[in-house]
Amino acid sequence: VSQSRYSEYMFSNVSTTHEADRLRLLNESHNPYTLSYFSAALPGKKKILEIGCGDGTLAAAMALKKDPEALLIAVDREIAQVNSAAQKLKSTQNACAMQADIPKDASRLVELGPFDLIYCRWVICHVPFTEQVEVLRFLFSLLTPGSVYLMEDCNNSVVKFHTKDGSPNPQYADDATRYFQVVYDAISKRKNLNLKRTLAIVTGK
């Protein structure tokens, strides 16, 4: 995975009041569903990785559901979030939080793996579009045969642009909508994707 191309997340991940509120609301609204998916994937899994664990609220709930002998590693790019997650996990057997980022810390994740189960929620949407397929391929490479990759993410194919006065969209807006659709269709089907070629087809350039 390339470490030279990298952009900031669309949302700040630092420990501000607004960010803490956003993460709290996300956990409150999504965790019941996430934990049901996670629990269904758990049987037989001995080494689990959560990418983008945030403050560790979800990781702590996951840790209570896993086999006590299974290892859960929760990682996040922000040290403040990692510290919070570590506090939530400190009383749980075989669970820890550490700082790691995608794609910059690819080699560290390779050293930690392989894994029987990898989970991430609203992480890939923060990766630049031109790197998303590459990052997914990398995460798949960390899995053992017969293991599970579980992802919840934004589907930007539903993004639509509208002008304030109801006039026709500018061409770039329609191009962006079609581009989102093609990219996310390919990611969901794990297709090989040439993003430069895709953009050329969509825009006719």
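1. A definition to start with, since a later point leans on it: a salt bridge here is a side-chain nitrogen of Lys or Arg within 4 Å of a carboxyl oxygen of Asp or Glu. Please also keep in mind as you read that this is a predicted model.

2. Let's begin with the sheet. Five strands make up an open sheet, and their order is β3-β2-β1-β4-β5, with parallel pairing. The edge positions belong to β3 (95–99) and β5 (143–152); each has a single partner strand, so one side of each is left without a neighbour in the sheet. On average, neighbouring strands of this sheet are turned by 20° against each other, direction ignored.

3. Strand β2 is a good place to look next. This strand covers residues 71–76 and pairs with β3 in the parallel sense over 5 bridges; in that pairing, I73 stands opposite C96 of β3. Strands β1 and β2 also pair in the parallel sense, over 5 bridges, and here E50 has A74 in β2 as its bridge partner. As for covering, 5 of the 6 residues of β2 are buried, so to speak of the strand as mostly covered is fair.

4. Now the helices on the sheet. Helix α3 (residues 79–89) lies across β2 and β3, and its direction runs at about 170° to β3. Helix α5 (residues 132–141) packs on the sheet as well, where it touches β1 (47–51), β4 (115–121) and β5. The direction of α5 makes about 135° with that of β5.

5. One residue of α3 is worth picking out in your viewer: Q81 sits in that helix. Why does Q81 count as buried? Its relative accessibility is 4%, and the cut-off for buried is under 20%. If you want a distance to check, the C-alpha atoms of Q81 and A97 are separated by 9.2 Å, with the two residues 16 apart along the chain.

6. Finally, have a look at E152, which belongs to strand β5. Which side chain of opposite charge is nearest to E152? It is R121, at 4.5 Å, and E152 is buried yet has no salt bridge. With the 4 Å limit for a salt bridge, the 4.5 Å to R121 does not qualify. The side chain of E152 does make a polar contact with the side chain of Y119, at 2.7 Å. Leaving aside residues up to four places away in sequence, E152 touches T34, Y37, Y119, C120, R121 and W122.

Notes:
Residues are numbered from 1 along each chain as its sequence is written. This is a predicted model: local features need pLDDT of at least 70, side-chain atom pairs count only at pLDDT 80 or more; totals for chains, interfaces and linings use all residues. Side-chain values use heavy atoms; hydrogens and water are left out. Two strands pair if DSSP finds at least two bridges between them. Helices (H or I, at least four residues) and strands (E, at least two) are DSSP runs, numbered from the N terminus. Axes are lines fitted to C-alpha atoms, for helices over the stretch in contact, and angles run from 0 to 180 degrees between N-to-C directions. Contact means heavy atoms within 4.5 Å. Buried means under 20% relative accessible area, exposed over 50%, partly exposed in between (1.4 Å probe, protein chains only). Lys and Arg count as positive and Asp and Glu as negative; His and the chain ends are not counted. A polar contact is a pair of N or O atoms within 3.5 Å; within protein, one must be able to donate a hydrogen and the other to accept it, and residues adjacent in sequence count only if both atoms are side-chain atoms.
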